[in-house]
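Thanks for passing this one along. Here are my notes, set out as numbered points so that you can follow them with the structure open.

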Amino acid sequence: MKEAANVFVRKKILHASGNTKQFDPAMLEGKSIRSFKSWGKHFLICFPSFTLRIHFLLFGSYLINERKDKTPRLSLQFKHGEINFYACALRMLEEPLDDLYDWAADVMSDQWDPAQALQKLKDNPDMLVCDALLDQSIFSGSGNIIKNEVLFRTHIHPQSLVGKLPAVKRRQLVDEVVRYSFDFLAWKREFTLRKHWQAHTKKTCPRDGAPLQKAYLGKTKRRTFYCDVCQKLYV
């Protein structure tokens, strides 16, 4: 989205509307966008004196130069084009973004720090690995599909304890989250993401033909697909 929205950088908002209750959208009218940034599922619209944070949660979406047949949470209209946001959470931020965000935790950021992620895993030995992969303070940007596919790629059972993973497996996990995230983006651009799923929503393991398990695991109870045969349980 950041790449697609960059056409509106330094452009003035001519009209703003929507059903958000967090602020009056009209306050954005006449203001020019300085830049767009992202951190995980946070989309950041940066103005000279504040930032508008858009969190897409589980079902948030956006359209550029298109509209759905329902009122958007926020609609920004420019001289040439518009952005419409739906089913998302909005918040105004006045603090400097560097004080609010750990850019080194974002798996797709140029500032991503794998050593920091490894240390955070070591600091949480009793955490289930399926929870670790959804913890945005460790892997900002990782979501449920990435969780399922990364655990399948690394042959790790989702109910494994982080502290029981061998050091080589923890390193493999960290590396694979980044690798799969960039694969995910490439496949999304091609509109072929679903074709590449090996575990997520599947019923049979492509490696050994065993039935894939479906369960709602971890503290978040997110839908998890895994193979009891080839994904090893570390406890």
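1. Tyr180 is a good place to begin: in this predicted model, Tyr180 is buried, with a relative accessible area of 0%. Tyr180 and Phe184 both belong to helix H6 (residues 167-190), and because they are 4 residues apart there, about one helical turn separates them. In general, an α-helix has 3.6 residues a turn, so residues three or four places apart point the same way. The ring centres of Tyr180 and Phe184 are 6.4 Å apart with the planes at 70°, so this pair counts as edge-to-face, the angle being over 60 degrees.

2. There are 11 aromatic pairs in the structure. Another of them joins Tyr101 and Trp103, and it is tilted, with 5.5 Å from centre to centre and 35° between the planes. Both partners are buried: Tyr101 has a relative accessible area of 8%, and Trp103 one of 12%. You may also like to look at Phe36, Phe43, Phe56, Tyr62 and Phe85, which ring pairs link into a cluster.

3. Two rings have a charge over them. At Tyr86, the charged end of Lys68 sits over the ring, 5.0 Å from its centre. At Phe152, the residue over the face is Arg207, 3.7 Å from the ring centre.

4. Which residues of helix H5 are buried? They are Asn144, Ile146, Lys147, Asn148, Glu149, Val150, Leu151 and Phe152, so the ring under Arg207 belongs to a buried residue of H5. Since 8 of the 10 residues of H5 (residues 144-153) are buried, the helix is largely enclosed by the rest of the structure. The cover over these buried residues includes helix H4 (129-132), H6 and strand S10 (222-226). After H5 comes His155, with a positive phi near 60°.

5. Now for the largest nonpolar core, which has 30 residues; Leu121, Phe139 and Leu173 touch the most other members. Helix H3 (114-122), H4, H5, H6 and strand S9 (213-217) each supply at least two of its residues. H6 gives the largest share, 6 residues. Nonpolar side chains tend to be buried together in soluble globular proteins.

6. What does Phe139 touch, leaving aside its neighbours within four places in sequence? Its contacts are Ala105, Val107, Trp112, Ala117, Leu121, Ala132, Leu133, Val174 and Val177. Leu121 thus appears in this list and is also, with Phe139, among the core members that touch the most others. A second, separate core has 24 residues, including Val9, Phe43, Ile64 and Leu76.

7. Leu76 brings us to strand S6, where the bridge partner of Leu76 in S7 is Ile83. S6 and strand S7 (residues 81-86) pair in the antiparallel sense over 5 bridges, and a hairpin of 2 residues joins them. S6 also pairs with strand S1 (residues 15-17), again antiparallel, over 3 bridges; there, Ser17 has Ser75 of S6 as its bridge partner.

8. Why call S6 largely enclosed by the rest of the structure? Because 4 of the 5 residues of this strand (residues 74-78) are buried, and the cut-off for that is under 20% relative accessible area. For a last look, try viewing S6 together with its antiparallel partners, S1 and S7.

Definitions and conventions: Residues are numbered from 1 along each chain as its sequence is written. This is a predicted model: local features need pLDDT of at least 70, side-chain atom pairs count only at pLDDT 80 or more; totals for chains, interfaces and linings use all residues. Side-chain values use heavy atoms; hydrogens and water are left out. Rings of Phe, Tyr and Trp (its six-membered ring) pair if their centres lie within 6.5 Å; planes under 30 degrees apart count as stacked, over 60 as edge-to-face and the rest as tilted. Buried means under 20% relative accessible area, exposed over 50%, partly exposed in between (1.4 Å probe, protein chains only). A charge sits over a ring if NZ of Lys or CZ of Arg is within 6 Å of the ring centre and within 35 degrees of the ring normal. Two strands pair if DSSP finds at least two bridges between them. Contact means heavy atoms within 4.5 Å. A nonpolar core is a set of buried Ala, Val, Leu, Ile, Met, Phe, Trp, Tyr and Cys residues joined through side-chain atoms within 4.5 Å.
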